[in-house]
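Please open the structure in a viewer and keep the selection panel at hand. The tour begins with the whole chain and then proceeds to selected parts.

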Amino acid sequence: MAKVPRVVVVGGGWGGCAAAAAARKAGAEVVLIERADMLLGTGLVGGIFRNNGRFTAAEEMLEMGADIFAVMDRCSIHTNVEFPGHKHASLYNVYKIEPAVREYLTNLGVQIMTNARVIDVAKEKDKIVCVVIEKHEPVHGDVFVDATGTSAVPANCTKYGNGCAMCILRCHSFGPRVSLTTRVGVEEWVGKKPDGGLGAMSGSCKLCKDSIDPSIVRELEEKGCALVPVPEQVREEEELLSMKACQQYALPEFIENLVLLDTGPVKLMTPFFPLEQLRKIPGMERARYEDPIAGGKGNSMRYFGFANCTPELQAIGPVDNLFCAGEKAGAMVGHTEAIVTGSLAGHNAVRKAIGEKLLRYPDELAVGDFVNHVIEEMKKEEGRQYKYTFSGSIYFKRMVQKNLYTTNVEEIKKRVHDANLKDIFNTKLV
């Protein structure tokens, strides 16, 4: 009987969780290693999915068997929400999502290690044989997935942002991330801003519900969204929006209003807002930040260290058994985007281990055009100036132009069926 391969996924954000699920469902033994005490990373304070082209992507992935989206759906507290530039969004409860994902992975049989910071790798010739973990024994594997992301290094927040704002990544408590691709010598690139600066600031904050006007809370809990006009004298500078990782929110409505979403706490759709100015806005006189705790000062900086990889998400470099998921694979913004890449990376890790041809998403699918296009753009210096997402900005425009965006679920199912990929992520390979 053939040996069951062991896949080691480093990084427990949405990309890492999706990779772990896909590898496990393909038949591998899977270990998921996360440096902090909870899974999901920035997904712990995110909450938005199914908005604009993310609806199409989610339905394609569900049809392919990536049922982690069903977990998100079950944790949604609002569906079909509209806010400026966005339609039919779902908002999951950020307090409920992590235990639900952890239970989902545990039930699949994924071994989860938290409070386990990977600090190095060990190689033999062109193979990684194990990862070295601070205060733990090394973890050996046959194939590895780097889902460590492109943030969680305090020095970057200090050098390129406004300093540590004490965000959900909690680097000072659990240590900064360590990139596997960096450790093994894979070529990496840094995202650039139009002004020549490096990286991008995370695009939203969380406010405590009890700290804002009850009438605003009622509107939020009824509709999922509320727009609070910003008086001219305290209106944020337009330059603030250019710092965001999520370029789809760089719209005038986000300057003229506070755009608030209900994800359990109140999601404030701006990278940061000086507290003294925020409290001058009617209804926000007692506002208090929940994440980042110093959200009046700044936010986390991201998009440092994309790895050179193939459209199959295999790292290109001196090792032959490493795959990339989430932001590690390129400037792909969002939970949906991380799950799309993570699922493919985890599935292909198993294919690599057993010597099968790697899967590539076809261009006829929205997820295929997205991954294949972004991977190509990452190899160009000008392509690294942008962020790519199904929900807006330059990729959503491409998606619409190519007739890949649709909310017709039957049409999406047919698309996946025609590509011979129905339930591919439910197919046991071992």
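What share of the contacts in the protein with a separation of 6 or more comes from residues 24 or more positions apart? Such residues account for 73% of these contacts, a contact being heavy atoms within 4.5 Å.

This is a predicted model, in which local features need pLDDT of at least 70 and side-chain atom pairs count only at pLDDT 80 or more, while totals for chains, interfaces and linings use all residues. Residues are numbered from 1 along each chain as its sequence is written, and side-chain values use heavy atoms, with hydrogens and water left out.

**The whole protein**

Display the C-alpha trace, which spans about 70 × 50 × 40 Å along its principal axes. The radius of gyration, taken over C-alpha atoms, is 20 Å; this agrees with the value near 22 Å for a compact globule of 430 residues, by a rule of 2.2 Å times the number of residues to the power 0.38. Colouring by secondary structure will show 15 helices and 20 strands; these are DSSP runs, with helices (H or I) of at least four residues and strands (E) of at least two, numbered from the N terminus. Buried residues, those under 20% relative accessible area with a 1.4 Å probe and protein chains only, make up 62% of the 430 residues.

**A hairpin**

Select residues 118-124, strand β7, together with residues 127-133, strand β8. The two strands run antiparallel and are joined by six bridges; two strands pair if DSSP finds at least two bridges between them. Within this pairing, D120 has V132 of β8 as its bridge partner. Two residues lie between the strands of the hairpin, where K125 takes a positive phi near 55°.

**An open sheet**

Next, select β3 (48-49) and β4 (76-83), then add β5, residues 86-92. These three strands form an open sheet in the order β3-β5-β4, with antiparallel pairing. Because β3 and β4 stand at the edges with a single partner strand each, one side of each is left without a neighbour in the sheet. Two bridges join β3 to β5, and the bridge partner of F49 in β5 is S90.

**A glycine in a loop**

Finally, select G283, in the loop between α11 (275-278) and β17 (289-291). Is G283 buried or exposed? Its relative accessibility is 11%, so G283 counts as buried. Leaving aside residues up to four places away in sequence, G283 touches I212, D213 and I216. Then draw a distance from G283 to G305: their C-alpha atoms are separated by 40 Å, and the two residues are 22 apart along the chain.

Methods:
Buried means under 20% relative accessible area, exposed over 50%, partly exposed in between (1.4 Å probe, protein chains only).
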